[in-house]
Amino acid sequence: MKTTARVALALAVLCGALGTSPAAAAGSDRAAQGSDRGASASARGASASDWARRAEVTYGSLQQHLYQGPQEHGLYLEKTPRKEGENPHSYLWPLREAAAATVGMAGLPGVSARYHRDAAERFTTLRLYFNPRDGRPGYDSYLPAPLGAGGDVFYDDNAVVGLSFLDQYRATGKQVYLDRAVETYGVVGRGWDDDPAKPCPGGMNWVDSPNNTMRAANVTGLAAELAAELYAIEHDDRFLASAKKWYEWNWSCLRRSPGLYDNSRDDDGTVNTTLWTYNSGAMIGTATTLYRATGDRSYLDRAVADADGSLAYWKQGERLHDQPAIFNAIYFDNLRLLNEVRPDSTYRTTAATYAERTWKENRTPSDGLFRFQPSGGGDHDPAAQAETLEQSAMVQIFAGLATDRT
């Protein structure tokens, strides 16, 4: 979801008419605020070239240790070192994040040309996960035959795949990527639950399976963002209608407070109250894109409210540090999107502070790989396997900071 490419296609916005940010997080103690200021000052010291260098180094380690090469169809390992019994290749989601990371590298000033071929390869490889099964096609969670045994179609995976196709379309102008994003929108749209008897009717099912009982914030928000971005490019009202409907369901059925969205609602009405940064981010990004595409100021107001509310929560204590790195990558990307139309230095400072700490504490200097707790976040675990998912997340974060002009 590379934001610099979005700028060229965004509608004109009267930035001078935008209001100032509401006050930052209430309730933090003074010691925590002092620590945050010190970390922020350190992060602000890193220049765009510093972040670009870190992105290149981190991408190089990803390619050296987790990329399996053209002889293996451009696929990646899930983790390194690979253990006995683990799949020979990664699941869909890590490969998508490697693709997103490569698009980010291809957008770096001065060095982008060397990554264009890599980016094209990533999307050729991504297509290996597409399964045209009888009337219900989609990207399987694992490689279908002949390279693997296949898997289920998870709608959140498919939504982020569609968003990456749009990033590559904006970067290259090639119609095939837009066509595949539209195709993926059709896959994700099957996930909408139209049973009026369920508590809080609607929402997107998590997985394409008769056994699914969960309507999830992640797929609903990410699908809404995909539809909103398609509308911004194509101006087709079907995309606008979907974006609004899917966005409003998350807002009305899972929004706990500004910027915080419960994980999911089961068909029996049970709510999973777990909070994730990427659910905050998807709703911020969707509202921002709807504002850009329609000019409706209410969406911008909602995006700002969610950004301020989520930052007030996630910046407290170790909350942001403990989130999976890939969730934070998606969150920061959407904060950058909002920052393009309604600047607030807090958005970049938060991302930079997190990135600086993670570079210093979670990176293993001997191989350049980032290691976390089993959750994909938290403190460095030197004994952990390094993962394509989280290594790609850090490439995305560094590249985003390198290309952020604010």
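Mentor: pLDDT is the predictor's confidence in each residue, from 0 to 100. This is a predicted model, where local features need pLDDT of at least 70 and side-chain atom pairs 80 or more, while totals for chains, interfaces and linings use all residues. Residues are numbered from 1 along each chain as its sequence is written, and side-chain values use heavy atoms, without hydrogens or water.

Trainee: Over which residues does pLDDT stay under 50?

Mentor: The chain has a mean pLDDT of 91, and 88% of its residues reach 70 or more. The stretch under 50 has 46 contacts (heavy atoms within 4.5 Å) beyond four places in sequence. That stretch is residues 3-41.

Trainee: Are H4 and H5 roughly parallel or roughly antiparallel?

Mentor: H4 (residues 92-106) and H5 (residues 116-126), helices being DSSP runs of H or I with at least four residues, have axes 8 Å apart. The angle between H4 and H5 is about 160°. Angles over 145 degrees count as roughly antiparallel and those under 35 as roughly parallel, so H4 and H5 are roughly antiparallel.

Trainee: What is the omega of the peptide bond from Thr80 to Pro81?

Mentor: Pro81 lies in the loop between strand E1 (79-80; a strand has at least two residues) and H4. Most peptide bonds are trans. The bond from Thr80 to Pro81 is cis, with omega near -5°.

Trainee: What is the relative accessible area of His235?

Mentor: His235 sits in the loop between H8 (217-234) and H9 (237-253), with a positive phi near 55°. His235 is partly exposed (between buried, under 20%, and exposed, over 50%; 1.4 Å probe, protein chains only), with a relative accessible area of 47%.

Definitions and conventions
Axes are lines fitted to C-alpha atoms, for helices over the stretch in contact, and angles run from 0 to 180 degrees between N-to-C directions. Angles under 35 degrees count as roughly parallel, over 145 as roughly antiparallel, 65 to 115 as roughly perpendicular and the rest as oblique.
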